[in-house]
Amino acid sequence: MQICRGLRGATTVQENEREAILSATVELLQALIAANDLDEADVASVLFTATPDLDAAYPAVAARQLGWTRTALLCVQEMAVPGSLPRCIRALIHWNTERAIDDLNHVYLREARKLRPDLAENE
């Protein structure tokens, strides 16, 4: 029986430039797809966040570039918490799957590994 699970991932970019944001987001999504054998048909929606210092592109555009044309996508701004990781893009994929919660492979790339070192070690 499939249930909806939350699959997480995050990455960072060096600069607030459209191509940097899209490239990093494509890399993140491809890593999540590979790590979980993810199929767009099983994805209910994806919520992307970007820190306030990133506004040159919507991360969701990267999902469209990968062919995710039927999936509901939403981009929002991450909270501006003092001392938080700068230039960070996060993704929360709502995934219909039969996998147990302990069998999900969350992906943290680049400087975002600092957010969840316990999960980044498993990559």
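## Exercises on cysteines, charged pairs and R90

The sulfur of C4 lies 18 Å from the closest cysteine sulfur, which belongs to C75, and this is too far for a bond. The model is a predicted one, and the exercises below start from this pair.

**Exercise 1.** Determine how many disulfides the structure contains.

*Solution.* A disulfide requires two cysteine sulfur atoms within 2.5 Å. For C4, the closest cysteine sulfur, in C75, is 18 Å away, so no bond is possible there. For C75, the closest cysteine sulfur is that of C88, at 14 Å, which is again too far for a bond. The count of disulfides is zero.

**Exercise 2.** Explain what the salt bridge between E40 and R70 ties together.

*Solution.* The closest N and O atoms of E40 and R70 are 3.3 Å apart, and a salt bridge requires such atoms within 4 Å. E40 sits in the loop between α1 and β2, while R70 sits in the loop between α2 and β3, so the pair ties together parts that are 30 residues apart in sequence. The two partners also differ in accessibility, since E40 is buried at 11%, whereas R70 is exposed at 66%. A search of the whole structure finds five salt bridges, among them the one between E111 and K114, at 2.6 Å.

**Exercise 3.** Describe the surroundings of R90 in strand β4.

*Solution.* Strand β4 covers residues 88-97 and includes R90, which is buried because its relative accessibility is 13%. Beyond its neighbours up to four places away in sequence, R90 touches residues including G9, F48 and E78. R90 and G9 are 81 residues apart in sequence, yet their C-alpha atoms are 5.8 Å apart in space.

How values were computed
Residues numbered from 1 in each chain as written. Predicted model: local features only at pLDDT ≥ 70, side-chain atom pairs only at ≥ 80, totals over all residues. Heavy atoms only, no water. Helix = DSSP H or I, 4+ residues; strand = E, 2+ residues; numbered from the N terminus. Buried < 20%, exposed > 50% of the residue type's maximum accessible area, 1.4 Å probe, protein only. Contact = heavy atoms within 4.5 Å. Salt bridge = Lys/Arg side-chain N within 4 Å of Asp/Glu carboxyl O.
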